[in-house]
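The exercises below are to be worked with the sequence and the 3D structure at hand. Each task is followed by a solution in steps.

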Amino acid sequence: MAEPQRAASIVDIPRKPRSKKMRWIAAAGGIVIAAVVTVALSRLRAAAPLVDRASLWTDTVKRGPMLREVKGPGTLVPEQIRLITADTAGRVERIPLRPGALVEAGTILLELSNPDVMLQALDAERQLAQAKADLINMRANTNGNELSTESGLATLEAQAADAERRAKADQQLAKDGVISGVEARQQIEKATELSRRLLLEKRRLGVVSGSGKEVVAAQEAQIERLKAVVAFRRKQVDSMKVRSIERGVLSELPLELGQWVTPGALLAKVVQPERLKAVLRIPETQARDLALGLPGSIDTRNGIVQGKVARISPSANQGSVEVDVSLPGELPRGARPDLTVEGTIQIEKLADVLYVGRPAGAQPEGQIELFKLTKDGEEAHRVKVKLGRSSVATVEVVEGLSEGDAVVLSDMSAWDQTDRVRLK
């Protein structure tokens with residue numbers, strides 16, 4: 001048997017090993033490609049949000065004259081208000097009139113009662129009558145004392161004169177030896193004593209007369225004081241019939257029958273309805289340029305009335321400043337006190353400025369970000385705008401916009417995270 005043939009030997013074909021350098025180049029290329037793709041993707045802008053054009057308020061930047069105005073709500077207030085207060089305490093007994101009634105000076109608005117006031121008036125009159133009676137007695141006593149003193153003085157004058165004559169006669173008789181010298185000296189001493197008593201009595205008459213006049217004068221002064229008290233008490237009694245001081249319209253009467261009022265309490269208010277003024281409340285951020293005499297227009301809902309600024313409150317109250325605008329004598333029909341109005345005050349007219357409608361939240365002399373529309377109107381991009389002087393509906397543009405630019409004035413705070421929006 002033939003010997004089998006040996007299988008042919010299978011040997012691997014030798015291959016050339018791959019170079020490590022090529023592997024490194026391929027890896028580096030992959031990294032570069034990945035980096036380029038990442039940067040390209042990062043630079044891609046996110047799709048702009050879509051905004052309904054009809055919901056936006058837009059305006060175009062213009063150049064020309066701009067009227068600066070400030071506006072605020074207010075009310076019509078009478079220029080002259082007369083408050084009638086209680087002079088004394090009392091109880092309301094009668095109210096013949098009610099608010100809205102026309103009154104004249106002296107018209108009784110209501111009547112009060114207070115027994116204590118009546119008693120005080122009667123007591124004051126009693127004291128005055130007693131003082132007058134005392135004055136009559138004082139005058140009678142004074143006159144009687146003066147007459148009595150004068151009578152005694154006349155008697156002393158006669159006695160002194162007689163004693164002096166007797167002293168002279170006795171002195172002559174003593175010289176002639178008819179009477180002794182002792183008797184003559186006694187008569188002389190008696191005449192001297194009567195002369196001294198006469199001097200003292202004259203002084204006493206002066207004192208009595210002077211003191212009597214002083215007492216009478218003091219009593220007369222007391223009577224004058226009591227007359228003033230009586231007049232005051234009578235005025236208190238009369239004040240319980242509360243009367244209007246002047247002609248006008250009874251605006252308020254906040255009392256009811258039987259109500260007790262205290263001195264100084266408000267009883268009624270009388271106003272002059274034909275002389276009204278507007279009291280406006282201007283936001284404090286817009287009131288810095290206000291001045292007296294500026295023209296203003298008041299919308300009374302029945303017509304517009306022109307006036308002038310007459311008063312500016314020196315302080316702000318709850319974010320606003322009160323401004324009084326004086327109005328002409330004739331007002332539209334329906335104008336009455338406490339009527340709600342709206343006023344506009346003209347500050348100045350700027351001749352040639354760049355301006356636009358006032359955006360939401362814009363402050364004068366400030367900076368704001370607005371969305372400016374592209375020329376095709378399909379998108380709006382955020383831009384920074386510097387503002388200047390402002391008015392009610394417009395504001396001056398200092399930087400950031402040009403004439404003819406269209407901007408969104410609506411509140412765009414919902415899109416604070418994006419710099420552009422698409423309009424549909």
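**Exercise 1. The largest cavity**

Which residues lie nearest the centre of the largest cavity, and how many residues line it?

Solution.
Step 1. Note first that the structure is a predicted model.
Step 2. Establish how many cavities there are: a search of the whole structure finds one cavity of 30 Å³ or more. Its volume is about 100 Å³.
Step 3. List the lining. There are 13 lining residues, and those nearest the centre of the cavity are Arg68, Thr285, Gln286, Pro364 and Ser390.
Step 4. Assign the lining to strands. At least two lining residues come from each of β3 (62–78) and β18 (379–390). The largest share, three residues, belongs to β3.
Step 5. Sort the lining by class. Six residues are charged, four are polar and three are nonpolar.

**Exercise 2. The two largest pockets**

Find the volume of the largest pocket and of the second largest pocket, and describe the lining of each.

Solution.
Step 1. Start with the largest pocket, which holds about 270 Å³ of space. Its lining has 17 residues, with Asp87, Ser239, Val242, Arg243 and Ile245 nearest the centre.
Step 2. Trace the elements behind this lining. β4, α3 (181–239) and β8 (241–243) each give at least two residues, and β4 gives the most, with four.
Step 3. Sort the lining of the largest pocket by class: eight residues are nonpolar, six are charged and three are polar.
Step 4. Turn to the second largest pocket, with about 170 Å³ of space. It is lined by 14 residues, and the closest to its centre are Glu369, Ser410, Asp411, Met412 and Ser413.
Step 5. Name the main contributor. Strand β17 (residues 367–373) gives the most to the lining of the second largest pocket, with four residues.
Step 6. Sort this lining too: eight nonpolar, four charged and two polar residues.

**Exercise 3. An open sheet**

What is the order of the strands in the open sheet of four strands, and how do they pair?

Solution.
Step 1. Read the order across the sheet: β4-β11-β9-β6, with antiparallel pairing.
Step 2. Identify the edges. β4 (81–85) and β6 (102–103) are the edge strands, since each pairs on one side only.
Step 3. Look at one pair inside the sheet. Strand β9 (residues 248–252) and strand β11 (residues 266–271) run antiparallel and are joined by three bridges. In this pair, Leu250 stands opposite Val270 in β11.

**Exercise 4. The partners of β7**

Which strands are joined to β7 by three bridges, and in which sense do they run?

Solution.
Step 1. Take strand β5 (residues 90–94). It pairs with strand β7 (residues 108–113) in the antiparallel sense, over three bridges. Arg91 stands opposite Ser113 in β7.
Step 2. Take β8. Three bridges join β7 to β8, and these two strands also run antiparallel. Here Glu111 faces Lys241 in β8.

**Exercise 5. Leu255**

Is Leu255 buried or exposed? Find the residues around it.

Solution.
Step 1. Locate Leu255 in the loop between β9 and β10 (260–261).
Step 2. Apply the cut-off. Leu255 has a relative accessible area of 3%; buried means under 20%, so Leu255 is buried.
Step 3. List its contacts. Apart from neighbours within four places in sequence, Leu255 is in contact with Val92, Ile95, Arg98, Leu110, Val261 and Leu267.
Step 4. Check one of these across the sequence. Val92 and Leu255 are 163 residues apart along the chain, and their C-alpha atoms are separated by 7.8 Å.

**Exercise 6. Arg420**

Where does Arg420 lie, and what does its side chain contact?

Solution.
Step 1. Place Arg420 in strand β21 (residues 420–423).
Step 2. Compare its relative accessible area of 13% with the cut-off of 20%. Arg420 is therefore buried.
Step 3. Find the partner. The side chain of Arg420 makes a polar contact with the side chain of Glu379, at 3.1 Å.

**Exercise 7. The whole chain**

How many helices and strands does the protein chain have?

Solution.
Step 1. Count the elements: three helices and 21 strands.
Step 2. Take the buried share, which is 33% of the 424 residues.
Step 3. Consider contacts between residues at least 6 apart in sequence. Of these, 76% join residues at least 24 apart.

Methods:
Residues are numbered from 1 along each chain as its sequence is written. This is a predicted model: local features need pLDDT of at least 70, side-chain atom pairs count only at pLDDT 80 or more; totals for chains, interfaces and linings use all residues. Side-chain values use heavy atoms; hydrogens and water are left out. Buried means under 20% relative accessible area, exposed over 50%, partly exposed in between (1.4 Å probe, protein chains only). A polar contact is a pair of N or O atoms within 3.5 Å; within protein, one must be able to donate a hydrogen and the other to accept it, and residues adjacent in sequence count only if both atoms are side-chain atoms. On a 1 Å grid over the protein atoms alone, a cavity is a set of points where a 1.4 Å probe fits but cannot get out, and a pocket is an open set with protein on both sides within 12 Å along at least five of seven lines; lining residues have an atom within 4 Å of a point. Grid points are joined across faces, edges and corners, and a volume is the space filled by probe spheres set on the points. Ala, Val, Leu, Ile, Met, Phe, Trp, Tyr, Cys and Pro count as nonpolar, Asp, Glu, Lys and Arg as charged, and the others, Gly among them, as polar. Contact means heavy atoms within 4.5 Å.
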